[in-house]
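Student: I have a protein model open and would like to take a close look at a single part of it. Could you walk me through that part and how it sits in the whole?

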Amino acid sequence: MIMDKDEKHIRIGEVAARTGLSLRTIRHYEETGLVVPSARSQGGLRLFAESDVRRLMVVCRMKPLGFTLDQARDLLDATDRLDAEGDLDANERDALLDRVRRYEQSAAQQVDKLRVQLARAEDFGATLRARLRQDAASEAKNV
């Protein structure tokens, strides 16, 4: 698809800068179907819309929580279908919302685990700082 002049698109380099992903990772996500550039320039360069960047940010936020790319794809599929213009019957809508809800619950559990790990890491850092202060005080006495 060639870029529509009325639509704002950005190049892959700006997408990388905004998402913190490497160009290679963005291209890999494209190859696996997680995100597809909304357009191409006349010269064939990948051009991304804000919606593409939002999709990539979903994946970026899921990865540190231990979600796989397949899980990201599944969540994106569910949200895409919920956002689609067509009407969903009540059962299908409920099933999609249940999928999203399960991801939200898993994310909340992972965040809780990460908070515990962070607290332990902070305690460890404080222990090391205290040890260094203790050694510095000892050294000062001996001088």
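Tutor: Let's go from the whole protein to one helix, and then to one residue beside that helix. This is a predicted model, in which local features need pLDDT of at least 70 and side-chain atom pairs count only at pLDDT 80 or more, while totals for chains, interfaces and linings use all residues. Residues are numbered from 1 along each chain as its sequence is written, and side-chain values use heavy atoms, with hydrogens and water left out.

First, the overall layout. The protein has five helices and three strands, and along the sequence they follow the pattern β-α-α-β-β-α-α-α. Here helices (H or I, at least four residues) and strands (E, at least two) are DSSP runs, numbered from the N terminus. The C-alpha atoms fill a box of roughly 75 × 45 × 25 Å along the principal axes. Of the 143 residues, 27% count as buried; buried means under 20% relative accessible area, exposed over 50%, and partly exposed in between, with a 1.4 Å probe and protein chains only.

Now for our part, helix 3. Helix 3 covers residues 50-62, and its 13 residues reach 19 Å from first C-alpha to last, close to the 18 Å expected at 1.5 Å a residue. That expected span is 1.5 Å times one less than the number of residues. Buried in helix 3 are Asp52, Val53, Arg55, Leu56, Met57, Val59, Cys60 and Met62. An α-helix has 3.6 residues a turn, so residues three or four places apart point the same way.

What do these buried residues pack against? Their partners are strand 1 (10-11), helix 1 (12-19), helix 2 (23-31), strand 3 (46-48), helix 4 (69-83) and helix 5 (90-142). Contact means heavy atoms within 4.5 Å.

One of those partners, helix 2, holds tyrosine 29. Tyrosine 29 counts as buried because its relative accessible area is 6%. Leaving out residues up to four places away in sequence, tyrosine 29 touches Leu21, Leu34, Val35, Leu56, Val59, Lys63 and Leu69. Two of these names, Leu56 and Val59, are also on the list of buried residues in helix 3. Tyrosine 29 and leucine 69 are 40 residues apart in sequence, and their C-alpha atoms are 8.7 Å apart in space.

Another partner is helix 5, whose 53 residues reach 77 Å from first C-alpha to last, close to the 78 Å expected. In helix 5, Leu96, Arg99, Tyr103 and Gly125 are buried, and what covers them includes helix 3 and helix 4.
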